[in-house]
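Dear colleague,

I am passing on the structure we spoke about, together with some notes on what turned up in it. Please keep the coordinates open while you read.

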Amino acid sequence: MMPSTPSFPDSLRKSLLVFDGPMGTELYRHHVFTNRCFEEINLTDPKLVEQILLDYRNAGADVLTANTFGANRLNLEKYGLAEKLADINRAGAKIARTVAGDSAFVAGSVGPIKHTAQHSATEVEIIILEQVDALWEGQVDFILFETQPSRRAMEICAQAMQQRPHIPYVLSCAVVIPPHGFTGSGGQPTSESGETIARLFAPFEYAAKPAALGLNCGSGPEGLLLAAEEAVKIIDLPLIVQPNAGTPKEFEGRHLYFCSPEYAATYSMQFANLGACGIGGCCGMTPDHIREIAKMVKPLAKAHSAAQSAKVILKDAQPEVVEQPEVPFAERSRFAWKLAQRSWITTVELVPPRGYDLTNIIENSRRLHRHGVDAINLPDGPRASSRISPLITAQRILTEAHIEPILHFCCRDRNLIGMQADLLGCAASGIHNLLFVTGDPPKLGLYPDATGVFDTDAIGIVAVQRRLNRGIDLGGQAVHPTTRAVIGVGLDPTALDRNRELDRFRMKVEAGAEFAITQPVFDPDALLSFLDALTRMMGGGLPIPIIAGIWPLASYRNAEFMQNEVPGVVVPDSTMRRMAAVAKQSKEEQLSVGVEIAREMIEHVRQRVNGIQVSAPFGRIDIVLAVLGS
């Protein structure tokens, strides 16, 4: 077994592990055809199995799966190999152990036992344990019961493992996703035998409980996401998600497979945000898919874990350093004054250019200022893009357009020393309105090989800024004069894991957040429901002002992009239908419907929020002004 600590169950609870992909797909790609027993390859061509596992390991997999999916007695009998059961399983485990070494975990794969009615549950348990014992002798770290077809099948596996309480195990079920609409409302995921997720993952009342529960196969990442959303509502164990490559979809008369490595990686981020502790691939996935998934989720996992380190990054003030009173909130900026007065606030998001000519964004800022907009929001490397420094952009807008910027401050690209330097630079430049975000992983952008630093997350950097506002820096040294930042944070009302988002909001407020801006919201009822939950959590009121993000849809294709490609954004079916209804009309008519939807959204939430942030699709100020009625 892997000698390093912590154990597999401990690691799964403390971090996000990347699992490998399917063995069968890779063996077939290497010209091992379906008339052969794939598991026998462990004995006849171990170097091939080793190379496939090495490809997965080099791609970034933290868990390698032994080539033993069908190495049970009933299946091997069909090939006349039943007497080699122990040899095949031990060999498969040892090959994976050799590749994994001390730096990865090894899963012993046990697929579904395709028994008949003449086999009792006790006989099936014996069949299972024959394979489990051989795998354990081969030094696997845990047993992965994968692609199980029903609750009963999982119960039999769990019952068998009660006789081996020292061996960790995972129960993973294959699911079927019925046809569905834009967001999956047309069908609910079930097991192959038709059982709901609630039935499949009802508590397992055994002394030796599984280390985790899993979902695998399905109909691609999109379909398995539906099942994962249901699973996290009811399970109290870690969740492992391993989607297959899906089925082809019709697009303009063609049938295309959309599950590219990049597509799989995008969904892996949604699985991670949902709370999955293990993410990998199933049928049809390849080492290329796993490589992109690893690039996506490992920086994201570091970003998520940064919240824990954020609590310990601030050194105590030096003995001679005295904490200073903060500048009164309403005196820090015009924006802060309006927040303090609870006046209605209108801000507009403009994205800094890719080059260094700021003429256009400054002129647009002037125009918006003339139309009564209160501030300009400036993203910091949105979707991991490389653009001109937003700090420089903010400074130029402030001095030349005479409108206050709200500078987004991202934790991805700088270590703590660099971030503190830039916070002091903001203070020196008169940039006081700051919105702190953790940031998208580099894999989301055009620079996938860039390193995500993530020394801390939004919660941690808020705590840093609050200390600077009180005259103390990271190392406990005095800062004169104190900074006067207006501290903002992001908020995602449609987050897949609502409880996590609510809990992080509470921690942001405790760290020092003074206002929040939401992700673009297209479903006003979802926003209001989230605000209700916030109010209950905070004891009857919202502790800080909330500004609602509004994105006017420019076209049906723009709506599809927001729905499918922008993490954290959910476009409801009703909105998609309205945009689809005008998809064949002119761009102007499509835009008119998008603007109408945005204005309806504002009116729906106006009484519950303190203002709006309107994004300018493709930098078009005319769309923003149409939404604002200016």
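A residue is called buried here when its relative accessible area is under 20%, exposed when that value is over 50%, and partly exposed in between. Please also bear in mind throughout that this is a predicted model.

With that cut-off in hand, helix α17 (residues 458-469) is a good place to begin. The helix has 12 residues and reaches 16 Å from its first C-alpha to its last, which is close to the 16 Å expected at 1.5 Å a residue. Of those 12 residues, 11 are buried, and α17 is therefore mostly covered, given that buried means under 20% relative accessible area. The buried residues are A458, I459, G460, I461, V462, A463, V464 and Q465, followed by R467, L468 and N469. At the N-terminal end, α17 is capped by D457, which places a side-chain oxygen 3.2 Å from the backbone nitrogen of I459. Just after the helix, G471 takes a positive phi of about 85°. The loop between α17 and β16 (486-491) contains P481, and the peptide bond that joins H480 to P481 is cis, with omega at about -10°.

Next, the empty space inside the model. Rolling a probe the size of a water molecule over the atoms shows where such space is left. How many cavities of 30 Å³ or more does a search of the whole structure find? The search finds two.

The largest cavity has a volume of about 50 Å³, and its lining is made up of V521, F522, I550, W551, P552, L553, G594, I597, A598 and M601. Helix α22 (residues 587-605) gives the most to this lining, with four residues. By class, the lining of the largest cavity comprises nine nonpolar residues and one polar residue, with no charged residue.

The second largest cavity holds about 40 Å³ of space, and L423, C426, A427, I431, H432, L434, Q465, T483, R484 and A485 line it. Q465, one of the buried residues of α17, is thus also found in the list above. The largest share of the lining, three residues, comes from helix α16 (residues 416-429). Sorted by class, the lining of the second largest cavity has six nonpolar, three polar and one charged residues.

Turning from cavities to pockets, the second largest pocket contains about 950 Å³ of space. Its lining is formed by 40 residues, and those nearest its centre are G24, F38, E39, F69 and G70. The elements that contribute two or more residues to this lining are α2 (23-29), α4 (46-59), α5 (73-77), β4 (142-148) and β7 (212-217), and the largest share, five residues, comes from α2. The lining of this pocket divides into 17 nonpolar, 16 polar and seven charged residues.

Strand β4 also brings us to two backbone angles that you may wish to look at. Most residues other than glycine have a negative phi, and most peptide bonds are trans. Q139, which lies in the loop between α7 (121-137) and β4, has a positive phi of about 75° although it is not a glycine. T147, found in strand β4 itself, is another residue other than glycine with a positive phi, in this case near 60°. Is T147 buried or exposed? T147 counts as buried because its relative accessible area is 15%, whereas Q139 is partly exposed because its relative accessibility is 40%.

Two further helices complete these notes. F8 is found in helix α1 (residues 8-14) and is classed as buried because its relative accessible area is 2%. Leaving aside neighbours within four places in sequence, F8 is in contact with L17, F19, V63, F105, F142, V170, A211 and I240. F8 and P168 are 160 residues apart in sequence, but their C-alpha atoms are 8.1 Å apart in space.

In helix α23 (residues 621-628), the residues I621, I623, V624, L625 and V627 are buried. The buried residues of α23 pack against β12 (345-349), α14 (359-370), α22 and β19 (611-615); of these, α22 is the helix that gives the most to the lining of the largest cavity. After α23 comes G629, whose phi is positive, near 75°.

With best wishes

Terms used: Residues numbered from 1 in each chain as written. Predicted model: local features only at pLDDT ≥ 70, side-chain atom pairs only at ≥ 80, totals over all residues. Heavy atoms only, no water. 1 Å grid on protein atoms, 1.4 Å probe; cavity = no way out; pocket = protein on both sides within 12 Å on 5 of 7 lines; lining within 4 Å. Points joined across faces, edges and corners; volume = space filled by probe spheres on them. Nonpolar A, V, L, I, M, F, W, Y, C, P; charged D, E, K, R; others polar. Expected span 1.5 Å × (residues − 1). Buried < 20%, exposed > 50% of the residue type's maximum accessible area, 1.4 Å probe, protein only. Polar contact = N/O pair within 3.5 Å; in protein donor to acceptor, adjacent residues only side chain to side chain. Contact = heavy atoms within 4.5 Å.
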